[in-house]
Protein chains: 2
Amino acid sequence: MGRNKKFDPTVVLHDIGWLFIKNGYNGTSLDDIVKVTGILRGSLYSTFGSKLGMFIAAFELSLHEEDPQLKWGLLLIAMLEVAPQSTKVAQMIQTWYATNQTPDIEAQIGHALLRHSGIITKGE
Amino acid sequence: MGRNKKFDPTVVLHDIGWLFIKNGYNGTSLDDIVKVTGILRGSLYSTFGSKLGMFIAAFELSLHEEDPQLKWGLLLIAMLEVAPQSTKVAQMIQTWYATNQTPDIEAQIGHALLRHSGIITKGE
DNA sequence: ATTATTATTGACTATTCAGTCAAAAATAAT
DNA sequence: ATTATTTTTGACTGAATAGTCAATAATAAT
């Protein structure tokens with residue numbers, strides 16, 4: 001009963017995820033998110049609860065999906081910016097790490113960060 | 001002529017550096033910096049010009065010093081948070097990378113990030 | 001001792017921030 | 001068609017933000 005959402009949360013979370021990757025977590029404002037998604041703050045808050053809720057939902061989505069760019073981008077931001085202020089995010093990273101531990105995992109992370117910061121590109 | 005500084009900029013930059021490591025760049029406010037250093041904003045601005053100037057000075061110092069914790073902490077923050085909004089910082093990282101490129105550099109970066117985020121500790 | 005120069009002080013500003021909420025709109029269920 | 005329920009809307013709030021600046025204090029150079 002009542003109306004249905006006008007937007008697809010999954011689509012919106014992709015937009016939000018890429019925005020966090022571009023600007024960082026603390027570097028992204030809610031006005032930025034409103035602008036990028038076209039969804040007004042009230043709707044965003046009623047769906048995701050808080051800015052942190054938006055990050056967590058986008059991060060979780062990225063872990064259950066195929067796009068490695070999105071996943072690595074959000075992982076880096078989660079590790080460096082968000083984990084210190086959210087035990088839930090810290091636990092999510094822990095879980096991911098426990099599941100994905102390989103001999104070259106550190107090199108993979110380092111590679112992702114070098115790519116993220118633009119110091120190396122594609123093949124390099 | 002005129003009075004000399006009451007504080008040692010090098011000491012202050014260490015305090016600022018550790019604060020940036022703890023809270024991130026965008027997560028650190030000038031009130032935080034004032035509190036930690038005991039130096040009022042006017043003096044900080046007349047010495048370092050801007051918040052970005054404070055980061056750059058602390059980062060540069062860390063690259064010319066011995067403390068690896070400080071250096072790696074600021075490198076991570078520089079790569080993930082600051083480089084996207086400062087070409088100067090991006091160049092500093094480039095220069096550092098060109099000079100310190102080794103076969104295991106990516107693993108080193110990944111290791112530093114895992115440590116920073118508390119996912120691994122000391123020996124692990 | 002005077003003075004020109006520099007540093008300190010901290011109140012102030014204008015802007016941006018995350019988050020709220022009452023009203024309006026839409027619609028699923030009956 | 002009515003109604004109960006949900007979503008949307010966007011103006012609003014109080015707090016925090018980076019940065020400024022005129023006044024004051026200190027002092028190095030003369």
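Here is a short chat about how two chains meet and how some rings pair up in a predicted model.

Student: How many residues from chain B and from chain A does the contact take?

Tutor: Let's start with who takes part. Residues are counted here if they have heavy atoms within 4.5 Å of the other chain. On each side, chain B and chain A, the number is 22 residues.

Student: What area is buried between chain B and chain A?

Tutor: Carbon and sulfur atoms give 72% of it. In chain B, Leu80(B), Glu106(B) and Ile119(B) lose the most area to chain A, together 29% of what that side buries. The area buried between the two chains is about 2,200 Å².

Student: Which helix gives the largest share of the side of chain B that touches chain A?

Tutor: Three elements of chain B give two or more residues to that side: H5 (68–82), H6 (87–100) and H7 (105–116). The largest share is eight residues, and the helix that supplies them is H7(B).

Student: How do the residues on that side of chain B divide into nonpolar, polar and charged?

Tutor: Think of sorting the residues of chain B that touch chain A into three bins. Two go in the charged bin and eight in the polar one. That leaves the nonpolar bin, which holds twelve.

Student: How many residue pairs are in polar contact between chain B and chain A?

Tutor: Let's check salt bridges as well: across this interface the rule finds zero. For polar contacts, both at pLDDT 80 or more, the count of residue pairs is two.

Student: Why is the pair of Tyr25(A) and Phe55(A) edge-to-face?

Tutor: The ring centres of Tyr25(A) and Phe55(A) are 5.6 Å apart, and their planes stand at 80 degrees. Planes over 60 degrees apart get a particular label. So, because of that 80-degree angle, the pair is edge-to-face.

Student: Where in chain A do Tyr25(A) and Phe55(A) sit?

Tutor: They are 30 residues apart, so to speak, in distant parts of the chain. Tyr25(A) lies in the loop between H1 (9–23) and H2 (30–37), while Phe55(A) belongs to helix H4 (residues 51–63).

Student: Is Trp96(A) buried or exposed?

Tutor: Trp96(A) forms a tilted aromatic pair with Tyr97(A), 6.5 Å centre to centre and 45 degrees between the planes. Its relative accessibility is 7%, and the cut-off for this class is under 20%. Therefore Trp96(A) counts as buried.

Student: Which residues do ring pairs link into a cluster with Tyr25(A) and Phe55(A)?

Tutor: Over all chains, the count comes to twelve aromatic pairs. Tyr25(A) is buried at 5% relative accessibility, and Phe55(A) is buried at 0%. The residues that join them in the cluster are Phe20(A) and Phe59(A).

Notes
Residues are numbered from 1 along each chain as its sequence is written. Chains are lettered from A and ligands numbered from 1 in the order in which they are written. This is a predicted model: local features need pLDDT of at least 70, side-chain atom pairs count only at pLDDT 80 or more; totals for chains, interfaces and linings use all residues. Side-chain values use heavy atoms; hydrogens and water are left out. Buried area is the accessible area (1.4 Å probe) that two parts lose on being put together, summed over both. A salt bridge is a side-chain nitrogen of Lys or Arg within 4 Å of a carboxyl oxygen of Asp or Glu. A polar contact is a pair of N or O atoms within 3.5 Å; within protein, one must be able to donate a hydrogen and the other to accept it, and residues adjacent in sequence count only if both atoms are side-chain atoms. Helices (H or I, at least four residues) and strands (E, at least two) are DSSP runs, numbered from the N terminus. Ala, Val, Leu, Ile, Met, Phe, Trp, Tyr, Cys and Pro count as nonpolar, Asp, Glu, Lys and Arg as charged, and the others, Gly among them, as polar. Rings of Phe, Tyr and Trp (its six-membered ring) pair if their centres lie within 6.5 Å; planes under 30 degrees apart count as stacked, over 60 as edge-to-face and the rest as tilted. Buried means under 20% relative accessible area, exposed over 50%, partly exposed in between (1.4 Å probe, protein chains only).
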